[in-house]
Amino acid sequence: MSWLFVFLWMAVGLCGANVCPCERPQLCEQIRGQRDFEVFLFDVGGTTWKSYNWSMITTIATFGEYDAELMCYAHSNGARVLLKGDVPLVNIVDKENRTAWIRDKVDLAKRQFMDGINIDIEQAVDKGSPEYQALTDLVRETTEAFHREIPGSQVSFDVAWSPNCIDRRCYDYVSIAESCDLLFVMSYDEQSQIMGDCIAMANAPVNQTLNAYDQYLGMKIDPKKLLMGVPWYGYDYSCLSLSEEGKCSIAKVPFRGAPCSDAAGRQKTYKWIMKQVDSSMTGRMWDSQQMAPYFNYKNEEGQIHQVWYDDPQSICLKTDYVKTKGLRGVGMWNANILDYSGETVAQQQTQKMWNALLGC
Ligand SMILES: *[C@@H]1O[C@H](CO)[C@@H](O)[C@H](O)[C@H]1NC(C)=O
Ligand SMILES: *[C@@H]1O[C@H](CO)[C@@H](O)[C@H](O)[C@H]1NC(C)=O
Ligand SMILES: *[C@@H]1O[C@H](CO)[C@@H](O)[C@H](O)[C@H]1NC(C)=O
């Protein structure tokens with residue numbers, strides 16, 4: 001009896017990882033079909049995914065812990081589930097190390113029944129450095145390996161809001177775009193390097209955001225490789241002073257060569273923002289230059305804060321461009337941070353945010 005037990009224990013230990021955890025084994029089959037229009041989201045863990053609008057979702061990049069239930073559920077809705085890929089570039093300049101990293105990710109994707117990988121490397125890279133070439137090679141080799149080993153799988157790469165060495169990310173954007181299935185353009189944190197006055201500004205001003213897509217397209221990157229990522233969060237700045245015109249001056253926090261940065265503020269979820277605006281001094285205001293909402297509030301100590309964020313009005317002005325330019329789709333950072341409590345007002349706000357992804 002005891003030998004049988006040991007045998008079973010070993011069998012489970014050795015093969016258990018490849019047993020389909022879903023109710024039906026078909027749900028472990030990878031999603032293969034290409035979609036004309038992608039709604040691509042990041043999930044950072046927890047159970048809010050149960051409240052997402054699954055009729056829209058095509059791809060979900062999982063940045064939280066592996067959740068088999070989420071994988072099964074996504075597959076039952078025809079949505080892909082992606083691994084996260086991140087590695088210090090200094091370690092993958094070496095070809096053997098790079099190959100080992102890719103092997104590891106492909107094996108993990110197979111064991112977890114995943115449909116591809118989202119590569120999220122936001123490290124500073126100088127043009128012409130060993131890391132510059134290694135990054136391009138990493139993306140190309142990862143894509144080749146995934147396509148070969150998991151037919152129909154998707155490999156995407158996250159890029160900064162503009163290709164102009166933002167945050168010293170001077171990557172070979174053209175080659176990277178050619179080497180993978182799509183680029184997720186992170187159209188947010190656009191005040192990470194403030195060169196002018198140190199004042200609070202919009203996380204993703206409309207014109208600045210769209211001009212950057214014109215630049216990506218101007219480099220002859222195929223519009224079908226570009227996904228627009230919008231923020232579902234904003235920034236809360238403590239104002240050193242508030243001018244008569246309402247400009248909030250912020251502490252000087254340098255970042256990668258710039259004297260000040262949005263790092264002076266705190267990132268806040270749309271859920272938090274929607275609660276805070278109700279008890280603000282100003283209520284929701286609209287900046288017609290940046291085309292973004294903002295408000296001022298006083299904290300418990302009487303300190304004035306200014307909050308800049310995106311809401312359906314500012315988001316749909318951007319996502320309209322996705323249709324007019326024929327981009328591959330839309331997405332957001334991140335799906336978890338709306339209010340999914342089901343409370344009436346929250347439910348309407350949440351629904352409008354999802355729908356704004358598809359334009360005005
Ligand atoms: C979910 O998205 C679809 C569009 O794909 C929309 O028609 C529907 O109203 C949305 N559902 C909710 C509850 O908002
Ligand atoms: C290979 O990667 C490991 C970490 O996984 C690192 O410690 C090592 O220095 C790397 N080797 C080279 C030659 O880059
Ligand atoms: C934004 O860009 C559009 C088109 O280029 C232009 O007509 C408009 O004046 C700009 N708005 C602002 C506030 O800069």
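The paragraphs below lead through this predicted model, from its core to its strands, a helix, a loop and the surroundings of a ligand.

The starting point is the interior. The largest nonpolar core holds 96 residues, and the members that touch the most others are Leu-183, Val-185, Leu-227 and Trp-308. In soluble globular proteins, nonpolar side chains tend to be buried together. Val-185 gives a closer view of this core. Apart from residues within four places in sequence, Val-185 has contacts with Val-159, Trp-161, Tyr-216, Leu-226, Leu-227, Met-228 and Gly-229. One of these partners, Leu-227, is itself among the core members with the most contacts to other members.

From the core, the account turns to the strands. Strand β8 covers residues 233-238, and five of its six residues are buried, so this strand is largely enclosed by the rest of the structure. Strand β8 has pairing partners that include β11, residues 266-269, to which four bridges join it in an antiparallel arrangement. Within that pairing, Asp-236 stands opposite Arg-266 of β11. Four bridges also link β8 to β14, residues 304-308, and here too the strands run antiparallel. In this second pairing, Tyr-237 has Gln-306 of β14 as its bridge partner.

Strand β4 offers another pattern. In β4, residues 116-119, Gly-116 and Asn-118 point one way, while Ile-117 and Ile-119 point the other way, and all of them are buried. Strand β4 pairs with β3, residues 80-85, in the parallel sense over three bridges. Across this pairing, Lys-84 is placed opposite Asn-118.

Helix α8 comes next. This helix runs over residues 312-324, and at 1.5 Å a residue its 13 residues should span 18 Å; the C-alpha atoms at its ends are 18 Å apart, which agrees with that expectation. The buried residues of α8 are Ser-314, Ile-315, Lys-318, Thr-319 and Val-322. The elements that cover them include two helices, α6 (206-218) and α9 (344-356), together with the strands β7 (226-231), β13 (292-298) and β15 (329-333). After α8 comes Gly-326, which has a positive phi near 65 degrees.

The loop between β6 and α6 contains two residues that can be set side by side. Cys-198 is located in this loop, with β6 covering 182-186, and Ala-200 lies there as well. Cys-198 has 19 C-beta neighbours inside 10 Å and therefore counts as partly exposed, because a buried residue needs 20 or more. Ala-200, by contrast, has 26 other C-beta atoms within 10 Å and is buried.

Their surroundings can be described in turn. Setting aside residues up to four places away in sequence, Cys-198 touches Ser-249, Ile-250, Lys-252, Pro-259 and Cys-260. Cys-198 and Cys-260 are 62 residues apart in sequence, yet their C-alpha atoms are 6.1 Å apart in space. Beyond its neighbours within four places in sequence, Ala-200 is in contact with Tyr-237, Cys-248, Ile-250, Gly-265, Gln-306 and Trp-308. Among these contacts are Tyr-237 and Gln-306, the bridge partners in the pairing of β8 with β14, and Trp-308, one of the core members with the most contacts to other members. Ala-200 and Ile-166 are 34 residues apart in sequence and 19 Å apart in space, C-alpha to C-alpha.

The last stop is ligand 1. Around ligand 1 are Asn-53, Ser-55, Met-56, Gln-351 and Trp-354. By residue type, this shell consists of two nonpolar and three polar residues, with no charged ones.

Note on methods. Residues numbered from 1 in each chain as written. Chains lettered and ligands numbered in written order. Predicted model: local features only at pLDDT ≥ 70, side-chain atom pairs only at ≥ 80, totals over all residues. Core = buried A, V, L, I, M, F, W, Y, C linked by C-beta atoms within 7 Å. Buried ≥ 20, exposed ≤ 12 C-beta atoms within 10 Å, placed from the backbone. Contact = placed C-beta atoms within 7 Å. Near = placed C-beta within 6 Å. Nonpolar A, V, L, I, M, F, W, Y, C, P; charged D, E, K, R; others polar. Expected span 1.5 Å × (residues − 1). Pairing = 2+ DSSP bridges.
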